[in-house]
Amino acid sequence: MNVFRILGDLSHLLAMILLLVKIWRSKSCAGISGKSQILFALVFTTRYLDLFSNFISIYNTVMKVVFLLCAYVTVYMIYWKFRKTFDIENDTFRLEFLLVPVTGLSFLVNYSYTPMEVLWTFSIYLESVAILPQLFMISKTGEAETITTHYLFFLGLYRLLYLANWIRRYQTENFYDQISVVSGVVQTIFYCDFFYLYVTKGRHWSCVTVLACFLSLSLSFFLSRQGFSV
């Protein structure tokens with residue numbers, strides 16, 4: 001497993017933790033799209049159905065469990081724990097506009113017609129568009145809290161790092177997963193406009209963010225030296 005994959009995973013995990021910490025500390029879900037979080041929970045659920053039947057490595061298993069827990073805890077906080085603070089009036093994106101075409105595409109374009117493979121493909125396609133309700137909500141309200149923009153930044157960074165991971169794997173292993181790469185590129189494109197606004201509006205990195213990046217880099221270096229692989 002190359003350094004780009006590790007950094008991508010850590011960036012993804014950091015994004016989820018930032019969102020959870022924001023909700024817990026503020027006791028509020030303001031500015032967060034519950035619909036996007038439902039889609040991400042569905043992504044992890046359909047992708048990790050092999051959690052107990054296909055062991056790859058301790059790292060792989062731990063990350064799957066952590067991602068699932070973070071996703072479901074976030075949905076719980078939004079729709080139950082702090083539901084009174086949830087901005088349902090502005091979280092109005094029609095999920096059927098995403099779920100219907102994604103479901104159809106996963107049956108039409110996949111590597112095999114087994115249930116697990118179709119569900120895995122569904123999760124890849126769905127992840128590429130799962131952030132749209134959140135971006136739609138921000139565009140509708142015209143604002144977003146700093147911590148929410150940091151969350152989106154690290155999600156976008158995760159996609160960019162995974163693109164670098166795929167390039168590296170193609171160079172070193174001659175490995176190329178067309179479905180994952182194409183979906184990843186589409187997802188990254190959705191973040192481009194957000195990245196532009198993030199930079200031009202002068203978002204500054206807090207000490208916590210810088211520290212988190214430093215720890216991510218340090219941990220990724222340590223893991224790569226220890227020979228962890230997926």
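Let's start inside the protein: the residues lining its largest cavity split into eight nonpolar, three polar and no charged. Before going on, keep in mind that this is a predicted model.

What lines that space? The lining of the largest cavity is made up of H12, M16, L19, Q37, F40, F44, C70, A71, T74, Y151 and L155. Helix 1 (3-26), helix 2 (34-47), helix 3 (58-81) and helix 7 (146-173) each bring at least two residues to that lining. The space inside the largest cavity comes to about 70 Å³, and the count of cavities of 30 Å³ or more is one. How do you find a hole like that? You roll a probe the size of a water molecule over the atoms, and it shows where empty space is left.

Now zoom out to the whole fold. The protein has nine helices and zero strands, so going along the sequence you read α-α-α-α-α-α-α-α-α. It has 230 residues, and 47% of them count as buried. Take the contacts between residues at least 6 apart in sequence: 79% of these join residues at least 24 apart. As for the outside, the protein exposes about 12200 Å², with carbon and sulfur atoms supplying 68% of that area.

Helix 5 is a nice place to check a bit of geometry. How far should its 15 residues span at 1.5 Å a residue? The expected span for helix 5 (residues 115-129) is 21 Å, and its end C-alpha atoms sit 22 Å apart, which agrees. The sum uses one less than the number of residues. Helix 5 also has plenty of buried residues to look at: V118, T121, F122, S123, I124, Y125, L126, E127, S128 and V129.

One partner of helix 5 is V43, which you'll find in helix 2. Is V43 buried or exposed? Its relative accessibility is 0%, so V43 counts as buried, given that the cut-off for buried is under 20%. Leaving out residues up to four places away in sequence, V43 touches S123, L126 and E127. V43 and F122 are 79 residues apart along the chain, yet their C-alpha atoms are separated by 7.8 Å.

E127 turns up again with Q187, a residue of helix 8 (residues 178-200). With the same kind of sequence neighbours (up to four places away) left out, Q187 touches E127, S128 and R159.

Loops have buried residues too. D91 lies in the loop between helix 3 and helix 4 (96-108), and D91 is buried. Beyond residues up to four places away in sequence, D91 touches S33, G34, K35, Y79, F86, P133 and M137. For D91 and K35, which are 56 residues apart along the chain, the C-alpha atoms are separated by 7.1 Å.

Two other loop residues have a backbone quirk. K27, in the loop between helix 1 and helix 2, has a phi near 55°, which is a positive value in a residue other than glycine. N174, in the loop between helix 7 and helix 8, also has a positive phi near 55° and is not glycine either.

Here is how four of these residues score for exposure:

| Residue | Relative accessible area | Class |
|---|---|---|
| D91 | 3% | buried |
| Q187 | 2% | buried |
| K27 | 40% | partly exposed |
| N174 | 61% | exposed |

Terms used
Residues are numbered from 1 along each chain as its sequence is written. This is a predicted model: local features need pLDDT of at least 70, side-chain atom pairs count only at pLDDT 80 or more; totals for chains, interfaces and linings use all residues. Side-chain values use heavy atoms; hydrogens and water are left out. Helices (H or I, at least four residues) and strands (E, at least two) are DSSP runs, numbered from the N terminus. Buried means under 20% relative accessible area, exposed over 50%, partly exposed in between (1.4 Å probe, protein chains only). Contact means heavy atoms within 4.5 Å. Accessible areas come from the Shrake-Rupley method with a 1.4 Å probe; for residues, only the protein chains shown count as cover. On a 1 Å grid over the protein atoms alone, a cavity is a set of points where a 1.4 Å probe fits but cannot get out, and a pocket is an open set with protein on both sides within 12 Å along at least five of seven lines; lining residues have an atom within 4 Å of a point. Grid points are joined across faces, edges and corners, and a volume is the space filled by probe spheres set on the points. Ala, Val, Leu, Ile, Met, Phe, Trp, Tyr, Cys and Pro count as nonpolar, Asp, Glu, Lys and Arg as charged, and the others, Gly among them, as polar.
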